[in-house]
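Open the model in your viewer and keep the selection box handy. We will walk through it stop by stop, picking something new each time.

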Amino acid sequence: MKVVIIDYGMGNIQSIQGALKYIGVDEILVSNQESKISKADKIILPGVGSFTKAMQNIKNLGLDKILKTEVMVNKKPILGICLGMQLMTKNSTEDGFNLGLNFIDGSVDKFNFNNIKIPHVGFNQVSFNNQSKLYKDLVEPCDFYFTHSYKVDINSDVTNINLSTCDYGDNFLASYEFENIAAVQFHPELSQTNGLQLLNNFMKNF
Amino acid sequence: MLRKRIIFTLIYDSGFFNQSRNFRLQKVGNIKWLEKNYKFNEIAFSLDELIVLNASKENKNMLEFANNLTKLVHNVFIPVAAGGGIRTLEDAKLLFDSGADKIVLNTVLFTNTNLVKDLVKLYGSQSIIASIDYKKINDKNRVFVKNGTDELDIDLSEYINKVISLEIGEIYLNSINRDGTGFGYDLDIMEGISKNINIPVIIAGGAGNEEHLAQGLKIETVSAVATANLFNFIGDGLTKAKKILIQSNFNVTQWR
C-alpha cells in the first residue's frame, strides 16, 4: 500500500507519518507533486492553521486541480484531518469568506455556542453509528483529540453520507464519510490507540 | 463532554532533563535515562499531553533541543507542545518540523508581540500555548519572563488579558513559588482572574501526588493540570495516579 501525505507547507506531518509507519503502511510519501500523488493508493490531506493561507498554498502549488482529478474523477480514497476536513467543503467564514476544494457540500463556521471556551482543545468523545467504516471495531465512548475553533456543517440535502458527532456546548460534526471521501475534525495521529485503529480502518475499508 | 487533561512537562537544559525547584534546575538524566525510566510510548497511556521546555539559561541550542525532541516523540501518539527560547519564525518552524504539534511562547509574549501575531496567523491560535510564570510577592501575583529572571511591572490578571488579546490558544500558568516543591498547586490562582478567560487554562507548579492533580482538576475553570516533577511521578507513578483519578470518577480519558 502506497499512501501520500499532501505537503502544502502547513501542519505537523511528522506525527501522521509516525502513526502510518506504526500501523504498518509499506510506503509513505510526503509530496505535492502530481506524479507521486497519482501513483499513490490513498491520500491524506492534513492541516493545521488558517483556511485562507491553506487554500492559497494549495492553489499556488496547483494542488486544487490535482486533487480534484484524483478524488472526484479517479475516486481515490482520501482522508482529511482537522483543517483537511474543512478544506474539502465549499467555503469557510474564516477571515471573511473563502472558497474551499468543494468535494463535499458543506461549509465551515466558527463555534457559536454559548458558554464554551474557544478553541475546543483536548480529548472529547465521538458518537458514531454502526454503518461507519471509519469507527469499525471501536467502542463508545471513544476519545479523540480535538484542537480547533471552526467546525463543518454538511448541507442537509446530501444523502448517503455517514456522520459522527461530538458534544461541545452543543452537537457538532466530528467526521463525515461519503463514497471515497473520509474526514475527521480531530487528530487520529494524536489519539492513542483509538486514532491508530481509525487510521487502520481508513486503510482497510476505503 | 470535553475531558480535563493531565499533562507532563519535561524541563530540558543542554542535553539533559531536569528537576526544577523554584526555577533552579537540577540535572537528572539525558534522553537515554529518560527512555529507560519513563518509556514515553508506554507511559503515554497515562498522559493526555506532553510539554517539553528548553529552560537553558544561557545559550539555548535550538538545533540540539529539536534533535532531542524528535527522539523523544518517536512512537508517541499524544499531542506534544515544545518551546523555550523561540525568538523567530524559524525557531518555531524548527520545532514544528521536529515533532511538536504546538509551540509554547513565554518571553516574546512581552518582548515581541508582532512575532506572536505572525505565529498565530501562520499556525492558528490552537497551535500556540502562552506560558506565564508568576510569583507571589507581598500577596500580589507578579509576572516574570526570561526563565523567571526578569520581573515585569504589570499585574498578573492585566498581563493575562494582554496575552489573550494576541489570540493565542491556551494559557499555561506556572507558579514559581510552587515549582518543584511537591506541596500542591496554587489553588487560589483562578480566583479573580478566571472570569476574564475564555480560552483553556493549564495550571502548573507544585503537584507532588495524585491528590494534588485531583485538587487542580476540581477547579471548574481549569482545563488541564500539568506536572514537571520527575521524581514524584517516576516509573509507574503517573499510571497509578491516573488509575486513582479514573476510579474517583474524574472526567479524564480512559484508554483500552
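Start by selecting chain A as a whole: a compact globule of 206 residues would have a radius of gyration near 17 Å, and chain A, with 16 Å, agrees with that. The radius here is taken over C-alpha atoms, and the globule rule is 2.2 Å times the number of residues to the power 0.38. This is a predicted model, in which local features need pLDDT of at least 70 and side-chain atom pairs count only at pLDDT 80 or more, while totals for chains, interfaces and linings use all residues. Residues are numbered from 1 along each chain as its sequence is written, and chains are lettered from A and ligands numbered from 1 in the order in which they are written.

**Chain A as a whole**

Show the C-alpha trace of chain A and turn it along its principal axes: it spans about 45 × 40 × 30 Å. Of its 206 residues, 50% count as buried (20 or more other C-beta atoms within 10 Å of a residue's own; exposed is 12 or fewer, partly exposed in between, with C-beta atoms placed from the backbone). Among the contacts in chain A with a separation of 6 or more, 69% link residues 24 or more positions apart. A contact means that the C-beta atoms of two residues, placed from the backbone, lie within 7 Å.

Switch to cartoon, and chain A shows six helices and 13 strands. These are DSSP runs numbered from the N terminus, helices being H or I with at least four residues and strands E with at least two.

**The sheet of chain A**

Next, select the strands of the open sheet in chain A. In what order do its nine strands lie? The order is S2-S1-S3-S4-S13-S12-S11-S8-S9, with mixed pairing; two strands pair if DSSP finds at least two bridges between them. At the edges are strand S2 (27–31) and strand S9 (142–148) of chain A, each paired on one side only. Neighbouring strands are turned by 25° against each other on average, direction ignored. Axes are lines fitted to C-alpha atoms, for helices over the stretch in contact, and angles run from 0 to 180 degrees between N-to-C directions.

Zoom in on strand S1 (residues 2–6) and strand S3 (residues 42–45) of chain A, which pair in the parallel sense over three bridges. Pick Val3(A) there, and you will find Lys42(A) in S3(A) standing opposite.

Now add helix H6 (residues 192–205) of chain A. This helix lies across S3, strand S4 (78–81), S9 and strand S13 (181–184) of chain A, and runs at about 90° to S9(A).

**Two cis bonds**

Most residues other than glycine have a negative phi, and most peptide bonds are trans. Chain A offers two bonds to look at with that in mind.

- Select Ile118(A) and Pro119(A): the bond between them is cis, with omega near 5°. Pro119(A) sits in the loop between strand S7 (106–110) and strand S8 (120–127) of chain A.
- Select Glu140(A) and Pro141(A): this bond is cis too, with omega near -5°. The loop between S8 and S9 of chain A holds Pro141(A).

**Strand S1 of chain B**

Move to chain B and select strand S1 (residues 5–13), where nine of its nine residues are buried. Arg5(B), Ile7(B), Thr9(B), Ile11(B) and Asp13(B) point one way, and Ile6(B), Phe8(B), Leu10(B) and Tyr12(B) the other.

Which strands pair with S1(B)?

- Strand S12 (residues 224–227) of chain B runs parallel to S1(B), joined by four bridges; Arg5(B) stands opposite Ala224(B).
- Strand S4 (residues 49–54) of chain B pairs with S1(B) in the parallel sense over six bridges, and Phe8(B) faces Leu50(B) as its opposite residue.
- Strand S2 (residues 16–21) of chain B is antiparallel to S1(B), with three bridges; Tyr12(B) stands opposite Phe17(B).

Stay at the hairpin of S1(B) and S2(B): two residues lie between the strands, and Ser14(B) takes a positive phi near 45°.

**Two more positive phi values**

Select Phe23(B), in the loop between S2 and strand S3 (24–29) of chain B. Phe23(B) is not a glycine, yet has a positive phi of about 75°. Phe23(B) counts as buried because it has 20 C-beta neighbours inside 10 Å.

Then go to Glu167(B), in the loop between helix H7 (156–164) and strand S10 (170–175) of chain B. Its phi is also positive, about 65°. Is Glu167(B) buried or partly exposed? With 15 other C-beta atoms within 10 Å, Glu167(B) is partly exposed.

**Where the chains meet**

Finish by showing both chains: the contact takes 32 residues from chain B and 31 residues from chain A. On the side of chain B that touches chain A, helix H6 (residues 113–123) of chain B gives the most, with three residues. Colour that side by type to see 14 nonpolar, eleven polar and seven charged residues. Ala, Val, Leu, Ile, Met, Phe, Trp, Tyr, Cys and Pro count as nonpolar, Asp, Glu, Lys and Arg as charged, and the others, Gly among them, as polar.
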